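Visitor: Could you pick one part of this model and walk me through it up close? I'd like to hear how the residues there sit and what they touch, and then a bit about whatever else catches your eye.

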Amino acid sequence: MSIQSNVEVRTEWGIVSARQAGRSLAKKIGFESVDQSRITTAISELARNIYLYAGIGEIIMEPVEQEATPSSPYRRGIRIIARDKGPGIHNIREVMEDGFTTSGGLGAGLPGVKRLMDEFEIESTVGEGTEVRVIKWLR
Amino acid sequence: MQSSIVQMIESQKKEIVDRWQKEMESVSKEFGVDTLNMREHRDWNDDFIVVIFESIDADDGNLKGRFRQFVENLIQHGWSLGYFTKGLQIFRRILLDIMTTGETNLSKNMYDTFSEIENWTDCLTNQIVDEYSGNWENTFQLQQTALKELSAPVIPIFEHICVVPLIGTIDTERAQLIVDNLLEKVIEYRSHVVLIDITGVPVVDTMVAHHIIQSAEAVRLAGAECILVGIRPEIAQTTVNLGIDLNKIHTKSSLQKGIQTALKLTHKEIIDIKK
Ligand SMILES: Nc1ncnc2c1ncn2[C@@H]1O[C@H](COP(=O)(O)OP(=O)(O)OP(=O)(O)O)[C@@H](O)[C@H]1O
Ligand SMILES: [Mg+2]
């Protein structure tokens, strides 16, 4: 499967399009409805963070595969990358705490995404931008 | 573009800009800019003329992006399409005028003819642009109003009991509208219990959850009780993963159960009438 989709986020419509693209890809890969909802919500959080804090950015969604290793069997899933060239994040540990927010939100977005997905990586450089990469494996 | 034209524009840049700025002031007035925000408007014009000059270098790959940004900015500030077309028409006229001054009679004559035709067709273009964009704006406003009315419906179903059925995507504007409208209607209908039904909301992310919590809080401050119903199983799971505790709000699995609770809270009862 090589059905990557790439959605630009610069308005709230971008958030909605990214969500729709994510849901349809998750469905195609074979996720059931609870995981579809988790994936869609994670995309919504990442896209909204781009819209709120960076202004412009993109969400890339693609199927992933991992060959069998001694410790885990062959598996498939979905990878989501949220990338922006916004202000970046000063203290990553801080933003990963439940309840930390600079915008009067719930501060549940990033820690929530980490719990919604199976793998979570965040990289950010102040003044250069932020990239969040997450994976959900098919069970 | 011919390099002689580019050269001429470069060498006369100051005059072009001055004349254009001056003429644009009357365009601004036409679009309802009063002297108060005339200054802000001058800033816009400054940006406008800069992007026009930038566009001379058509090979610049970033140009489209910069132009789009400029246009989008103006759209967001509610500028009409007519402002752009007029601005460009004036720019063209000034260029041609400067180019043909001091030229031979022949080309001056040609310019006059050309300019007369241009004035005539520009007027038509402008009228068409105004009609079209007026039409768009009207349709858009009608749809906005319709959407707003549909966005946050508060339906009184029994004395002191209201239902708020939310259907479809919720963006920040709609979320705020729901909070505001809900409070207003709760007071207007003297509700004691409000049932918010989210069966039709496809995604409940932190933003939506935050606004639901705020609504419930606002309703409580207004002296009523809020019950959240229609939380689908996958939404319940997802919000738990997000770390949001919707149970801080009174919840019921279905609208029916919610109505039963609401009736109890308002000391009402529905009974079967036996024959
Ligand atoms: N892409 C980003 N660029 C810059 N800063 C970011 C980005 N994403 C998140 N942040 C920072 O991290 C903080 C925490 O983000 P998180 O999504 O967890 O919570 P929130 O957006 O503040 O609230 P919520 O998502 O619950 O509505 C934000 O308040 C913001 O300061
Ligand atoms: Mg967030």
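Guide: A quick bit of vocabulary first: a helix here is a DSSP run of H or I that spans at least four residues, and helices are numbered from the N terminus. Also keep in mind that this is a predicted model.

With that in hand, let's start at Ser37(A), which belongs to helix H2 of chain A, residues 33-54. Is Ser37(A) buried or exposed? Buried, because its relative accessibility is 3% and the cut-off for buried is under 20%. As for what is packed against it, skip the neighbours within four places in sequence and Ser37(A) still contacts Arg23(A) from its own chain, along with Glu234(B), Ile235(B) and Thr238(B) from chain B.

Helix H2 of chain A also leads us to the ligand. Both H2 and helix H4 (109-116) of chain A contribute at least two residues each to the shell around ligand 1. That ligand lies between chains A and B, and it sits in the second largest pocket. Its surroundings add up to 20 residues, with Tyr53(A), Thr101(A), Thr102(A), Ala108(A) and Leu110(A) as the closest.

If you're thinking about polar anchors, there are some atom pairs to look at. The side chain of Thr101(A) has a polar atom 2.5 Å from an oxygen atom of ligand 1. For Asn49(A), an N or O atom of the side chain is 2.8 Å from a ligand 1 oxygen. With Ala108(A) the partner comes from the backbone: one of its N or O atoms is 2.8 Å from an oxygen atom of ligand 1. On its own, ligand 1 has 600 Å² of accessible area, and the protein covers 93% of that.

Now for a few spots in chain B. Glu25(B) is part of helix H2 of that chain, residues 13-30. It counts as partly exposed because its relative accessibility is 27%, which falls between the 20% and 50% cut-offs. Beyond its neighbours within four places in sequence, Glu25(B) touches Met38(B) and Arg42(B). The pairing with Arg42(B) spans 17 residues in sequence, and the two C-alpha atoms are 8.2 Å apart.

Next up is Asp97(B), in helix H5 of chain B, residues 81-100. At 19% relative accessible area Asp97(B) is buried; the limit is under 20%, so that call is made by a narrow numerical margin. Leaving out neighbours within four places in sequence, its contacts are Arg19(B), Lys108(B) and Tyr111(B).

Finally, have a look at the backbone angles in two loops. His160(B) isn't a glycine, yet its phi is positive, about 70°. You'll find His160(B) in the chain B loop that joins strand S1 (155-158) to strand S2 (161-167), and with a relative accessible area of 22% it is partly exposed. Arg190(B) is another non-glycine with a positive phi, of about 50°. Its place is the loop between helix H7 (172-188) and strand S3 (193-200) of chain B. Arg190(B) counts as exposed because its relative accessible area is 63%, with the cut-off at over 50%.

Definitions and conventions:
Residues are numbered from 1 along each chain as its sequence is written. Chains are lettered from A and ligands numbered from 1 in the order in which they are written. This is a predicted model: local features need pLDDT of at least 70, side-chain atom pairs count only at pLDDT 80 or more; totals for chains, interfaces and linings use all residues. Side-chain values use heavy atoms; hydrogens and water are left out. Buried means under 20% relative accessible area, exposed over 50%, partly exposed in between (1.4 Å probe, protein chains only). Contact means heavy atoms within 4.5 Å. A residue is near a molecule or strand if one of its heavy atoms lies within 4 Å of it. A polar contact is a pair of N or O atoms within 3.5 Å; within protein, one must be able to donate a hydrogen and the other to accept it, and residues adjacent in sequence count only if both atoms are side-chain atoms. Accessible areas come from the Shrake-Rupley method with a 1.4 Å probe; for residues, only the protein chains shown count as cover. On a 1 Å grid over the protein atoms alone, a cavity is a set of points where a 1.4 Å probe fits but cannot get out, and a pocket is an open set with protein on both sides within 12 Å along at least five of seven lines; lining residues have an atom within 4 Å of a point. A molecule sits in a cavity or pocket if more than half of its atoms lie within 2 Å of its grid points.
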